[in-house]
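Please open the model in a viewer and keep the selection tool at hand. The tour below proceeds from the sheet to the ligand.

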Amino acid sequence: MTKVPTSHPRYKSLLLRERLTDGLRAGIAGEAGLLAHGRGEAFDYLLGERTHDFAMESIRMASALLVTANHPVISVNGSTASVAGPEIVELLRALDRLVAEVNIFYYSPERSRRIKQHLKDLGATRLILESNSSDSVQLPDIEHARKHMHPNGLAQADVALVGLEDGDRCERLVASGRRVIAIDLNPLSRTAKTSHVTIVDEVSRALIELTACVRQDLAAAPAALAERIDRYDNADILNRAVAAIRNAF
Ligand code: ATP
């Protein structure tokens, strides 16, 4: 239950902070996630805390990829689960085939289990996988805990959706041949530059738009989705995001 009054001029921003600090206290988010969130907030401030047309274009592309994928997976870490838990659950509701997999940098079995439970408490009804299973498959060239992939989840994924991602894992996911969609407010991050599709938007806001788009695209003609995928240009999206930030000054 939020302590921030809805009338507060910075209600949405404060609500997200509160979700994250609640996540920290609940043993879901890590302390470093607070710092990463601050960096995200700074970019969001410069972007006017709204979803721009370039982000909508990436969201439409992400939706087309997810709807046409054979095995789409959303990789969930502690920060994303804390800040955008309800929105992740809503996306899972919209797309039956989407698999959720908990994958965290500061791994402990307890923390991984808590993230899973958090999504269930928010209404997720389907099985949520954890990367660090005893039979996990390893993403090459990563030393830390995020190298693990569940054999029925990320290991089989052709499309991976990641939020607030480390640049090195993103690079390895791309190198492994998977199509990677990242949600990252910083268009200059390694994650943003490496991903096939970069949604430069706040993660909870972007997921609401993505879910609406997926619901529409489930009824779209496959040829229309294929054409959208062909036309997409991520370099152009990043340039437009950087230009929007420059224009803030
Ligand atoms: P990289 O390793 O990709 O270069 P980084 O070192 O900045 O990036 P992290 O410290 O893991 O990566 O930070 C995660 C990223 O998530 C940051 O780029 C930050 O701008 C972004 N971010 C933080 N909070 C949010 C949010 N709520 N929505 C979207 N993006 C966010």
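Two strands are said to pair if DSSP finds at least two bridges between them. With that criterion in mind, select strand S7 (residues 179–183) and S8 in this predicted model: 3 bridges join the two strands, which run parallel. For one of these positions, display Ala182, whose bridge partner in S8 is Thr198.

Next, extend the selection to the whole sheet. The sheet is open and consists of 6 strands with parallel pairing, in the order S3-S2-S1-S6-S7-S8. At its edges lie strand S3 (129–130) and strand S8 (197–199), each of which pairs on one side only. Then add helix H3 (residues 53–68), which packs on the sheet and touches strand S1 (72–76), strand S6 (159–163), S7 and S8. The direction of H3 makes about 130 degrees with that of S8.

Now select the ligand. Which residues are closest to the ligand? Of the 17 residues that surround it, the closest are Arg39, Gly167, Arg190, Thr191 and Glu202. Three distances may be displayed in turn:

- from a polar side-chain atom of Arg39 to an oxygen atom of the ligand, 2.9 Å;
- from a polar backbone atom of Gly167 to an oxygen atom of the ligand, 2.9 Å;
- from a polar backbone atom of Val203 to a nitrogen atom of the ligand, 2.9 Å.

The ligand taken alone exposes 640 Å², of which the protein buries 87%.

Finally, colour the shell around the ligand by residue class: 4 residues are nonpolar, 6 polar and 7 charged. Helix H2 (31–46) and helix H7 (190–194) each supply at least two residues of this shell, and the largest share, 4 residues, comes from H2.

How values were computed. Residues numbered from 1 in each chain as written. Predicted model: local features only at pLDDT ≥ 70, side-chain atom pairs only at ≥ 80, totals over all residues. Heavy atoms only, no water. Contact = heavy atoms within 4.5 Å. Axes fitted to C-alpha atoms, helices over the stretch in contact; angles between N-to-C directions. Near = heavy atom within 4 Å. Polar contact = N/O pair within 3.5 Å; in protein donor to acceptor, adjacent residues only side chain to side chain. Areas by Shrake-Rupley, 256 points an atom, 1.4 Å probe, with all protein chains shown as cover. Nonpolar A, V, L, I, M, F, W, Y, C, P; charged D, E, K, R; others polar.
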